[in-house]
Amino acid sequence: MSGSGGVPPAPTEARTALAAGISCYLIWGFAPLAFQQMGAVGADPLEVMAHRAIWGVVWAGLLVLMAHQSGQVRAILSDRRTLGWLALSTALIAVNWTIFVLAVTSGRLLDASLGYYLNPLLSMAAGSWFFSERLDRWGLTAIALAAVGVVLQALALGHLPWISLVLALSFAAYGVIRKRVSADAQAGLFVECLLLAPLGLGWAIWLQVQGTGHFTDSAASVFWLMAAGPITVLPLALFAWAARRMPLSTMGFLQFMAPSIAFIIGTIQGEPLGDLRVVSFAFIWVGALVYAAGAVRRTRAVRVLAPEPGLIDPPAERP
């Protein structure tokens, strides 16, 4: 099959994979604008989170059907150990999604951007800690530069950048858990949304009964809250498809698109960016470039085989 067994993908498939990879990071990069619209119609982060779970399970279910993975979902639901790991990953991604929405709807988009610049560097450190993956001098240098950037960010803000750290740590931990689970990204995401859906549905109904829900306020509120589903699920599906058909070095470069777009949006929207904070971001950016350069070097040194479906979920999955 093209893209596996070490056989390079055909040029047409390679171009399609690149387009899918770019598309998923463009969606992730501009997603804050959609969540800000949800906030503009009155929905707070918890209500948005409820609708991400409700409509996410619908879209994830459709993708599972299209990928013919219903059998894998049944196997996951009947395996207590796998279901337990996915319950833990569900809790982590729920924290990540909620804090992300809180950040982008409260004028903290630069904090969210910093968190997702840090994410691949923390994932690399987690791989070394939990999976005995070797950290070369490129990786150690990238992590050291990121650490300096976080310290400078704390000095610039007058406190630890807790939103950035929670986003990065929760997603790095999510990546560790998902790497232990033998399930495709689509099947695993569907089960996670399935676990969240009862809580989300219950919360959304309670808000409507109390008269504090916003789903039925207007056509705009219906549209934007329902849009939480595809915004959550479709980029993950694009990423999962592209990651199996593209060099890891290319994905390493592409993953910095989303926080860069978020950084630009936050700056245009007038979020405060003093000199010291610019310097802190500069350290993070240099660390990201070192990380990407190291990825290119490793890819050239070792012929990378595409992962077998169901054995790995890429740790860069985001909200």
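In the predicted model, Arg277 and Asp111 form a salt bridge, with their closest N and O atoms 2.3 Å apart. Arg277 belongs to helix 13 (residues 275-301) and Asp111 to helix 5 (residues 109-131), so this pair ties together parts of the chain that are 166 residues apart in sequence. Both partners, Arg277 and Asp111, are buried.

Asp111 also takes part in a salt bridge with Arg108, in which the side chains meet at 2.8 Å, N to O. Through shared partners, the salt bridges join Arg108, Asp111 and Arg277 into one network. A search of the whole structure finds two salt bridges.

The members of this network were then considered by accessibility. Asp111 has a relative accessible area of 2% and counts as buried because this value is under the 20% cut-off. Arg108, in contrast, has a relative accessibility of 26%; Arg108 is therefore classed as partly exposed, the value lying between the 20% and 50% limits.

Two residues of the network, Asp111 and Arg277, are also among the contacts of Gln153. Gln153 is located in helix 6, which spans residues 137-157, and is buried, with a relative accessible area of 0%. When residues up to four places away in sequence are not counted, Gln153 touches Asp111, Leu114, His159, Pro161, Arg277, Ser280 and Phe281. A residue of helix 6 thus touches both Asp111 and Arg277, the pair that links helix 5 and helix 13.

Methods: Residues numbered from 1 in each chain as written. Predicted model: local features only at pLDDT ≥ 70, side-chain atom pairs only at ≥ 80, totals over all residues. Heavy atoms only, no water. Helix = DSSP H or I, 4+ residues; strand = E, 2+ residues; numbered from the N terminus. Buried < 20%, exposed > 50% of the residue type's maximum accessible area, 1.4 Å probe, protein only. Contact = heavy atoms within 4.5 Å. Salt bridge = Lys/Arg side-chain N within 4 Å of Asp/Glu carboxyl O.
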